[in-house]
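Here are my notes on the model you passed along. Keep the viewer open while you read.

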Amino acid sequence: MPAPMLEVTQLTKAYGQYQALADLSFTAAAGEIVGFVGPNGAGKTTTIRILATVLEPTSGEFRVAGIPRKLPDEIRRRIGVLPESAGYPAGRTGQEYLRYFGRLFGLGREAADRRARSLLAEFGLQDRAGWPISTYSRGMRQRLGIARAVVNDPVVVLLDEPTLGLDPAGQRQVLAMVRGLAEDRGATVLLSTHALPVVEEICSSVVVLDRGRVVSAGRVAEVSRQDGSHRSSRLRVPAELVDRARAALEAVAGPHLEIVADRSGVLTVEVLAPPQDRPGGQTDVGSTVLRAVLDAGIPVLSFDVDGGRLSDAFLSITTRSGR
Amino acid sequence: MRRLAGALGAALLALLAGGVSASPAAAGVDGIAVTVDRTRVDTVVGGRFVLRTRLSNDGDRATGPLMAHLNVASLTSDVYVDPEDWSTQRSQWVDSLAPGEDQQLTWQLQAVNQGSFDAYVVLLPTEGPDPGTPLTVSRSVYLGVAGRQTLSASGALPVVVVVPALLGLLVVLRTRARRRRLTTT
Amino acid sequence: MSGVSGGPTEVDRVSQDRALPDERATPAWRVVAGQECRDLWWGVRGPLLLLGLAMLLSVITYLAGSNQALNFLEQRETVNLTLQVAVAVGVLLTLAVSADALSGERERGTMEVLLTTPVSRRDLVLGKLVAAMSLWFAAYVVAVPYLWALARGVRVLLLALLLGLLVGTVLAVGLAGLGLLVSAGSTSNKVSVSSSLFLLLALFAPTQLPSGLPQGWFGDLLDRVNPVSAGLHYVSLVLVDGRPWAADLTYLSAPVVVAVLSVGASVLTAPRLVRLVPGRDR
């Protein structure tokens with residue numbers, strides 16, 4: 001198994017009495033997109049800044065591409081960062097901006113120029129290359145920021161709220177670029193965000209922070225299923241098969257599920273009890289319901305889940321942690 | 001006011017000169033004499049020069065503390081003189097002079113006006129007024145200050161105009177270039 | 001570079017393949033200085049500041065030439081006055097730019113991304129100091145034609161130019177370092193620039209007293225300890241009074257000491273100065 005690209009062990013950051021981070025530990029493999037979620041003040045930005053070597057932790061260790069934190073210059077060569085509140089020099093053009101950072105990362109003048117042109121084209125900014133950044137829209141600036149974050153072809157990219165303030169189209173664009181970083185460039189991406197649908201859409205794993213501590217971590221699907229946040233499933237079958245579907249569901253349902261069917265072929269399965277009260281601590285109600293109907297040879301025309309999303313799990317987890 | 005000051009200065013000089021002997025030194029009561037190293041200075045506006053005065057106690061008893069005070073007076077009524085412009089150190093103090101002792105005082109001056117002037121040093125006792133005692137004053141030093149124009153406005157005009165004009169043009173060009181980039185869509 | 005278990009790993013190979021070359025085509029401080037100078041001079045800011053200086057020098061030169069208000073000044077003194085104004089304004093501009101160096105990055109939100117690059121904090125500081133100094137050299141170049149115009153006929157031009165370059169450069173270095181130190185500790189650009197200008201005012205104020213500095217040892221001490229008044233006094237002694245260069249070199253002690261200490265402190269303590277939030281532990 002390849003060594004992780006990002007390895008964080010017992011990371012702690014305290015400002016006097018205030019504990020911003022406490023014993024944070026997680027890993028991320030190459031090409032993985034890890035979602036970093038939590039309420040305001042959870043410690044996401046602090047974590048990003050520590051991993052970016054802008055802040056020093058109070059204790060703990062982390063490695064980026066195998067390089068320990070005591071070699072910050074080496075880490076900086078291999079990471080790209082888009083801070084949440086990144087500003088841009090208004091008078092510089094996009095081309096000048098990227099060229100400058102290319103040179104700061106050690107490229108010669110011409111190489112930096114070529115890299116800048118290539119990145120501007122890759123991120124859809126080639127038409128505005130010669131324009132002052134002050135003329136760029138918010139979405140364009142975010143794209144420019146991501147382009148700058150990869151000017152050194154990093155192995156780990158740290159993105160703090162890359163979709164903040166963007167319209168839906170802009171968000172889609174940025175998310176597609178973030179996905180590209182992992183899939184096309186093979187970079188490990190740590191994506192800190194409030195937007196849980198974003199995490200569900202592109203992240204393979206998620207770390208949920210609350211008040212500086214990890215309250216949940218794992219694959220997105222696993223975390224989403226935690227705490228029995230699934231409330232109900234709705235499926236539609238051909239009207240003439242609704243009774244057979246109901247029978248198939250009743251065969252697997254227990255007292256924790258209520259099945260309601262109507263003559264139009266829609267069946268609703270309500271979850272009545274939390275996982276600890278279900279037989280076997282069952283969490284994946286949705287797939288149980290779907291499998292039961294399909295195994296009975298009944299075609300499913302549509303399937304919908306109410307609850308069971310990451311946002312539901314997030315609220316439940318953070319509420320339970322005492323917020 | 002200026003004319004009155006000039007006139008009073010001239011009158012004072014005349015009064016004192018009447019009581020002075022023909023020797024270069026001017027002596028008053030107490031046997032103190034004040035001599036100046038020269039009688040005339042010719043210079044130009046802005047020119048700096050030094051006057052040296054010597055205080056001599058020709059009497060038979062020590063003096064009390066004294067103050068030597070420099071004054072400059074215009075000999076024409078159309079020039080206003082502010083002595084503070086001519087010298088920043090117009091007063092110098094002497095603790096006392098023993099019989100036969102003398103002391104040199106140096107005065108730095110700069111001619112700030114064009115014209116004809118007289119400079120002189122008057123000795124003032126610092127311990128209580130003595131109504132009957134006339135003041136001791138040096139003879140006057142004639143100052144002839146010629147006008148000077150080393151630089152004409154027309155000579156400096158090219159630089160005065162061209163340098164800011166060039167820089168202003170540069171500012172305008174840079175501003176226009178930026179605006180063009182910002183407004184073109 | 002070995003991974004956790006020792007020996008090169010896939011992580012090492014991937015990261016080394018992608019790490020940009022350590023050998024820089026250009027030293028990092030020069031890259032920083034180059035960009036800062038471009039921002040200053042290719043934009044409007046630098047030329048606008050010089051335009052202000054040129055207009056001031058034009059007024060002084062015209063008044064000297066037309067014999068109004070400055071009629072009592074001997075030509076050497078006219079040259080001296082103009083040189084002192086050029087030096088004073090030049091170092092003021094240098095101070096203002098260096099006071100923006102770090103606090104300005106923080107205020108514009110551009111500090112954080114700079115800190116994530118492999119450029120050392122020392123290179124950042126050095127690059128910004130060099131860019132601030134470009135203001136002084138540009139101001140000096142602007143002053144040259146004025147000094148040439150005023151010094152005609154008295155053969156003091158070369159002396160004035162050399163004195164101005166020597167003393168002005170030492171003063172500019174010192175004040176650039178001081179401005180950067182102030183900028184490092186300031187929470188905002190407004191605080192940084194106003195603190196720096198107040199500092200300059202405090203240094204200039206004693207020289208502007210109506211009767212000059214107080215007489216006696218205290219006045220002399222004040223004159224020598226204050227780098228600005230000491231430097232300008234030295235210029236006057238050589239240019240106007242005609243004293244030999246070496247006769248009053250002690251007046252240059254304070255400017256040199258301030259220059260060495262301020263720049264030395266800026267560069268040596270750069271890792272502590274260049275932070276996301278001033279004063280906050282990393």
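The points below go chain by chain, then turn to the nonpolar cores.

1. A caveat to start with: this is a predicted model. Everything below is computed from its atoms, so read it with that in mind.

2. Start with the overall make-up of chain A. It holds 11 helices and 14 strands. Of its 323 residues, 48% are buried. If you take contacts between residues at least 6 apart in sequence, 68% of those in chain A link residues at least 24 apart.

3. Which order do the strands take in the six-stranded sheet of chain A? Going across this open sheet you meet 6-7-8-3-9-10, and the pairing is mixed. Strand 6 (79–82) and strand 10 (213–219) of chain A have a single partner strand each, so they form the edges and one side of each has no neighbour in the sheet. From one strand to the next, the twist averages 15°.

4. Zoom in on strand 7 (residues 156–160) and strand 8 (residues 188–192) of chain A. These two run parallel and are joined by five bridges. One pair to click on is A:V157, which sits opposite A:V189 of strand 8.

5. Two helices pack on that sheet. Helix 5 (residues 138–149) of chain A touches strand 6 and strand 7 of chain A, and its direction is at about 160° to that of strand 6. Helix 6 (residues 168–183) of chain A touches strand 3 (33–37), strand 7 and strand 8 of chain A, with about 150° between its direction and that of strand 8.

6. Chain A also has an open sheet of four strands, in the order 2-1-4-5, and here the pairing is antiparallel. Strand 2 (18–28) and strand 5 (67–68) of chain A are the edge strands, pairing on one side only. Strand 4 (residues 59–64) of chain A runs antiparallel to strand 5 of chain A, and two bridges join them. A:R63 has A:P68 in strand 5 of chain A as its bridge partner. Helix 1 (residues 44–51) of chain A lies across strand 1 (6–15), strand 2 and strand 4 of chain A, at about 65° to strand 2.

7. On to chain B, which has three helices and 10 strands. Along the sequence the pattern reads α-β-β-β-β-β-α-β-β-β-β-β-α. Buried residues account for 26% of the 185 residues of chain B. For contacts in chain B between residues at least 6 apart in sequence, 75% bring together residues at least 24 apart.

8. Why call strand 2 (residues 32–36) of chain B largely enclosed? Four of its five residues are buried, so the rest of the structure largely encloses this strand. Strand 2 of chain B runs antiparallel to strand 4 (residues 48–57) of chain B, with five bridges between them. Within that pairing, B:V36 has B:T53 of strand 4 as its bridge partner.

9. How many helices and strands does chain C have? The count is 13 helices and zero strands, so to speak a run of α elements from the N terminus on. Of the 282 residues of chain C, 48% are buried. Among its contacts between residues at least 6 apart in sequence, 79% join residues at least 24 apart.

10. Helix 7 (residues 121–150) of chain C deserves a look of its own. Its 30 residues reach 44 Å from the first C-alpha to the last, close to the 44 Å expected at 1.5 Å a residue. There is a kink of about 30° at C:A143, shortly before the proline C:P145.

11. Now the cores. In soluble globular proteins, nonpolar side chains tend to be buried together. The largest nonpolar core in this model has 163 residues, and those with the most contacts inside it are A:V34, A:V156, A:L158, A:V189 and C:A139. Helix 7 of chain C gives the most to this core, with 17 residues.

12. For a closer look at A:V34, leave aside its neighbours within four places in sequence. Its contacts then include A:A28, A:V189, A:L190 and A:C203, and also A:S205 and A:V207. A second, separate core has 28 residues, among them B:V45, B:V81, B:V141 and B:L143.

Terms used:
Residues are numbered from 1 along each chain as its sequence is written. Chains are lettered from A and ligands numbered from 1 in the order in which they are written. This is a predicted model: local features need pLDDT of at least 70, side-chain atom pairs count only at pLDDT 80 or more; totals for chains, interfaces and linings use all residues. Two strands pair if DSSP finds at least two bridges between them. Axes are lines fitted to C-alpha atoms, for helices over the stretch in contact, and angles run from 0 to 180 degrees between N-to-C directions. Two residues are in contact if their C-beta atoms, placed from the backbone, lie within 7 Å. A residue is buried if 20 or more other C-beta atoms lie within 10 Å of its own, exposed if 12 or fewer, and partly exposed in between; C-beta atoms are placed from the backbone. The expected span of a helix is 1.5 Å times one less than its number of residues. The bend at a residue is the angle between axes fitted to the seven residues ending there and the seven starting there. A nonpolar core is a set of buried Ala, Val, Leu, Ile, Met, Phe, Trp, Tyr and Cys residues joined through C-beta atoms within 7 Å.
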